[in-house]
Amino acid sequence: MTRVSSPGEQALRQEMASPSMPEPTPSPRERPMIWSLRVAIIVIAVSILASAGWRLLGGSDYVITSPSMCPTICVGALVLDEPPGQHYHAGEVISFVPPGLNSVYTHRIVYVFPNGSIETKGDAANIIDPWRIYPSMVRGREVAYAPAA
């Protein structure tokens, strides 16, 4: 003789035989933290991809480390430069390596001589830089900057 079990007994037997436990749901306190973590991961990933894409297109980026360009571009600001061109104009902001130095400077063009050499100065300075820059020394022309947070 075969014993017939009730639907309740079948459900209980199935629940006891099932080795998997249901997924715990996050508490109301954990939900904003999980959402914030997801947003942070997305922002970081997009930033890395954007930076890599900018560099692949020939652009460069520099963090300003001195106050020479304040109040326009102050310490901690991120400067985005497009690849260097051949012709420059007074008023443009360029990044360059001055003669005899190894550091990259970001200053404003004050004057372009007929031979193509360039005089620069920081916005915070009252005097022109002590060097002349040639187009071959220019690393890039500023297209945008993000102030320090």
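In this predicted model, ring pairs tie Phe96, Tyr105 and Trp131 together into a cluster. The overall tally is 4 aromatic pairs. Within the cluster, Phe96 and Tyr105 are stacked, with 6.2 Å between ring centres and 20° between the planes. The two partners sit in rather unlike surroundings: Phe96 is buried, at 0% relative accessibility, whereas Tyr105 is partly exposed, at 27%.

Tyr105 also pairs with Trp131, this time edge-to-face, with the centres 5.2 Å apart and the planes at 75°. This contact links distant parts of the chain, 26 residues apart. Tyr105 belongs to strand E4, which covers residues 105-112, while Trp131 sits in the loop between strand E5 (118-121) and strand E6 (138-146). Loop residue or not, Trp131 counts as buried, because its relative accessibility is 15% and the cut-off for that label is under 20%.

Right after Trp131 in the numbering comes another ring contact, this one involving a charge. The charged end of Arg132 sits over the ring of Phe113, 3.6 Å from the ring's centre.

Now to the charged pairs. Side chains of opposite charge can pair when their charged atoms come close. The model has 4 salt bridges. One of them brings Glu82 and Arg141 together, at 3.3 Å from N to O. Glu82 is in strand E2 (residues 78-82) and Arg141 in strand E6, so this bridge ties together parts 59 residues apart in sequence. Glu82 is partly exposed, with 30% relative accessible area, but Arg141 is buried, at 13%.

Arg141 has a further partner in Glu92, and here the closest N and O atoms are 2.6 Å apart. Glu92 comes from the loop between E2 and strand E3 (93-96), so its bridge to Arg141 in strand E6 spans 49 residues of sequence. Like Arg141, which is buried, Glu92 counts as buried, with a relative accessibility of 18%.

Another salt bridge joins Asp123 to Arg108, with 2.9 Å between the closest N and O atoms. Asp123 lies in the loop between E5 and E6 and Arg108 in strand E4, so the parts tied together are 15 residues apart in sequence. Both ends are partly exposed: Asp123 has a relative accessible area of 22%, and Arg108 has 24%. As for the bridges described earlier, shared partners join Glu82, Glu92 and Arg141 into one network.

Conventions: Residues numbered from 1 in each chain as written. Predicted model: local features only at pLDDT ≥ 70, side-chain atom pairs only at ≥ 80, totals over all residues. Heavy atoms only, no water. Phe/Tyr/Trp six-rings, centres within 6.5 Å; stacked < 30°, edge-to-face > 60°. Buried < 20%, exposed > 50% of the residue type's maximum accessible area, 1.4 Å probe, protein only. Helix = DSSP H or I, 4+ residues; strand = E, 2+ residues; numbered from the N terminus. Lys NZ or Arg CZ within 6 Å of the ring centre and 35° of its normal. Salt bridge = Lys/Arg side-chain N within 4 Å of Asp/Glu carboxyl O.
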